[in-house]
Amino acid sequence: MSTKPLVAIIDWIQSPQGDAESSIERAVIGDAAEVRRYLCEGDADFDDEIRGANALIVWHNAPVTADGLSRLRNCRAIIRNGVGFDSVDVAAAARHGIAVCNVPDYGTEEVADHAIALAMALCRQLFPLDAEAKRLGWAIEVGPRLRRLRELTFGIVGLGRIGTAAALRAKALGFRVIFHDPYLANGSDKAIGITRCRSLDELLDQCD
C-alpha cells in the first residue's frame, strides 16, 4: 500500500464526466498524493478505500450527504469539480472539519458564449433558415420572424460571473440588457451599464 495521501476522484457512473486517466488532476497533484478515480452513483457507493481518502474531488452528479460524510475517516477537503457546491452537505462537512471548495471560474466564458450563440440563433432564425435552404426553393418563410438585436431586451437572472460575462457580450451586440439578482450589491448595474429589475416578474415583463 502507498504511504502517500489518497485523493479520490468521484465520477458519476451513469455518465462519466472526467477522463479515465484523470490526466489533468495527476499533472497538477504530481507526486504529492496518490490519485485514483472511482465511478459511483453517490456516497452510498463509497467503498472502504474511498472512505479512507484524505481528499475527494467530486463531480456534480454524485451527491455527498451527511450520512456519507460521517463515514469518511481521514478526509480533510472536498473539491467540487465545477462552480456549484449544492451536491455536498456543506453544514455537515463543517461539523466534521472538512473544507468544501469549488472551482468558481469554471466555464465562465464557455457558458456565456453559448448563451449568446443560442440567443443569436433564435433572433436570426438560423435553424429554421438552414432547414429552408436545404429544402431548396428559397421561400424564406421565417423571414418575418427575424429580429434586429437593437430592438430587443436581453434578460439575465443572476448577475454572477457567468451572468456578467453574458451581459457584457449582449450589451456589445446592441441588446438592451436587464437583470434581476436579489443578492447583488447596489450599484453593480451602474458599473457595467445595464438596468436592474427589482423582481423576477419585472424582468420577465420587459425582456424578449
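## Glutamine 125

Glutamine 125 is buried, because its relative accessibility is 9%; buried here means under 20% relative accessible area, exposed over 50%, and partly exposed in between, with a 1.4 Å probe and protein chains only. Its phi is near 55°, a positive value in a residue other than glycine. Most residues other than glycine have a negative phi. Glutamine 125 lies in the loop between α5 (108–123) and α6 (126–135). Helices (H or I, at least four residues) and strands (E, at least two) are DSSP runs, numbered from the N terminus.

This is a predicted model, in which local features need pLDDT of at least 70 and side-chain atom pairs count only at pLDDT 80 or more, while totals for chains, interfaces and linings use all residues. Residues are numbered from 1 along each chain as its sequence is written, and side-chain values use heavy atoms, with hydrogens and water left out.

## Serine 22

Serine 22 is not a glycine, yet has a positive phi of about 50°. The loop between β1 (6–12) and α1 (23–29) holds this serine. Serine 22 counts as buried because its relative accessibility is 1%.

## The sheet and helix α7

Strands β6, β7 and β8 form, in that order, an open sheet with parallel pairing; two strands pair if DSSP finds at least two bridges between them. The edge strands, β6 (153–157) and β8 (195–196), each pair on one side only. Five bridges join β6 to β7 (residues 176–180) in the parallel sense.

Helix α7 (residues 161–173) packs on the sheet and touches β6 and β7, contact meaning heavy atoms within 4.5 Å. The direction of α7 makes about 175° with that of β6; axes are lines fitted to C-alpha atoms, for helices over the stretch in contact, and angles run from 0 to 180 degrees between N-to-C directions.
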